[in-house]
Amino acid sequence: ERFALQKSRRMAASRIPASSAALPLVKTILSNLVVAPDEAKFRRVRLDGKAGAKLVATPESIAVLREVGFVETRTEDGSFLSLEVVDAAAVRAALASLEGEDRGEERLTLKQQARRDAERRRVAEQAEAKRLREETKKQIERDNRARKEDPNWKPAAVVKGGRNIDTFRAKYGEDRGG
């Protein structure tokens, strides 16, 4: 039964979207419980408040907290998730699952992802530029070898008959051009 409970915790934790605002909040709640399990303020979360709104927006986060032992209660002051007895092993297992140890995922912010992608593009562009430079060097070497070794090689001006290349004005005259 203990194994099934840990497996269900991992499954619930893996369903919390990485982009969810509730994920860091659930991690903080669980971390606080690990550090100070006897503190009453860490064992109660107001669902009507700002933090509670993030949790309510992501039902998977509430499922993770319920699996750890939180229970939803309603009083005159509002709705709360409260925890009577802290099961340290369950809290640590859920926290480890959320931090990616069981998920095997890399957690990056959008800014970090953009920087990583930009770096990958930069490296790819540098590699392509290096490849093009090497290709140009090889072409220059082939051309030099052809000039030295090929008896039929002639400069381009000779191929055109050796005439000067005329400009538009020289060909048509200054006043007939336009």
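## A look around the fold

Thr58 sits in the loop that links helix 3 to helix 4. In this predicted model, its relative accessibility is 9%, which is under the 20% cut-off, so Thr58 counts as buried. What does Thr58 touch, once its neighbours within four places in sequence are left aside? Its contacts are Ile16, Pro17, Ser20 and Ala22. Ala22 turns up again further down, as one of the helix 2 residues that meet helix 3.

**The chain as a whole**

Stepping back, the protein chain has 8 helices and 3 strands. Going along the sequence, these elements follow the pattern α-α-β-α-α-β-β-α-α-α-α. The chain runs to 178 residues, and buried residues make up 22% of them. Take the contacts with a separation of 6 or more: 68% of those are between residues 24 or more positions apart.

**The sheet**

The 3 strands make an open sheet in the order 1-3-2, with antiparallel pairing. Strand 1 (44-46) and strand 2 (71-75) are at the edges, and each has a single partner strand, so one side of each has no neighbour in the sheet. From one strand to the next, the twist averages 30°.

In general terms, strands of a sheet pair through backbone hydrogen bonds, either parallel or antiparallel. Here, strand 1 is joined to strand 3 (residues 78-82) by 3 bridges, and the two run antiparallel. Arg46 has Phe80 as its bridge partner in strand 3. On the other side of the pairing scheme, strand 2 and strand 3 are antiparallel too, over 5 bridges. A hairpin of 2 residues connects strand 2 with strand 3, and Thr75 stands opposite Gly78 of strand 3.

**The nonpolar core**

Now for the inside. The largest nonpolar core has 22 residues, and Ile29, Leu30, Leu55, Leu65 and Phe70 are the ones that touch the most other members. Which elements give two or more residues to this core? They are helix 2 (22-35), helix 4 (59-68) and helix 5 (88-98). Helix 2 gives the most, with 7 residues.

Ile29 is a good place to stop for a moment. Not counting residues up to four places away in sequence, Ile29 touches Val45, Leu55, Leu65 and Phe70. Val45 falls within strand 1 (44-46), while Leu65 falls within helix 4 (59-68).

**How helix 2 packs**

Helix 2 meets both helix 3 and helix 5, and the two crossings can be set side by side.

| Helix pair | Axes come within | Crossing angle | Handedness |
|---|---|---|---|
| Helix 2 and helix 3 (residues 50-57) | 9 Å | roughly 115° | left-handed |
| Helix 2 and helix 5 | 9 Å | roughly 145° | left-handed |

In the contact with helix 3, helix 2 uses Ala22, Leu25, Val26 and Ile29, and helix 3 answers with Ala51, Lys54 and Leu55. By type, that contact divides into 6 nonpolar residues, no polar ones and 1 charged.

Towards helix 5, helix 2 puts forward Leu23, Val26, Lys27, Leu30, Ser31, Leu33 and Val34, which meet Val91, Arg92, Ala94, Leu95 and Leu98. This contact has 9 nonpolar, 1 polar and 2 charged residues. Val26 belongs to the helix 2 side of the contact with helix 3 and also to that of the contact with helix 5.

**Two more residues worth a look**

Gly52 lies in helix 3. Is Gly52 buried or exposed? With a relative accessible area of 0%, Gly52 is buried. Neighbours within four places aside, Gly52 is in contact with Arg46 and Leu47. That brings back Arg46, the residue whose bridge partner in strand 3 is Phe80. Gly52 and Leu25 are 27 residues apart in sequence, and their C-alpha atoms are 9.4 Å apart in space.

Asn32 is in helix 2. Its relative accessibility is 25%, so Asn32 counts as partly exposed. With neighbours within four places left out, Asn32 is in contact with Pro37 and Phe42. From Asn32 to Phe42 it is 10 residues in sequence and 6.2 Å in space, C-alpha to C-alpha.

How values were computed:
Residues are numbered from 1 along each chain as its sequence is written. This is a predicted model: local features need pLDDT of at least 70, side-chain atom pairs count only at pLDDT 80 or more; totals for chains, interfaces and linings use all residues. Side-chain values use heavy atoms; hydrogens and water are left out. Two strands pair if DSSP finds at least two bridges between them. Helices (H or I, at least four residues) and strands (E, at least two) are DSSP runs, numbered from the N terminus. Axes are lines fitted to C-alpha atoms, for helices over the stretch in contact, and angles run from 0 to 180 degrees between N-to-C directions. A nonpolar core is a set of buried Ala, Val, Leu, Ile, Met, Phe, Trp, Tyr and Cys residues joined through side-chain atoms within 4.5 Å. Buried means under 20% relative accessible area, exposed over 50%, partly exposed in between (1.4 Å probe, protein chains only). Contact means heavy atoms within 4.5 Å. A crossing is left-handed if the near helix is turned anticlockwise from the far one by less than a right angle, and right-handed if clockwise. Ala, Val, Leu, Ile, Met, Phe, Trp, Tyr, Cys and Pro count as nonpolar, Asp, Glu, Lys and Arg as charged, and the others, Gly among them, as polar.
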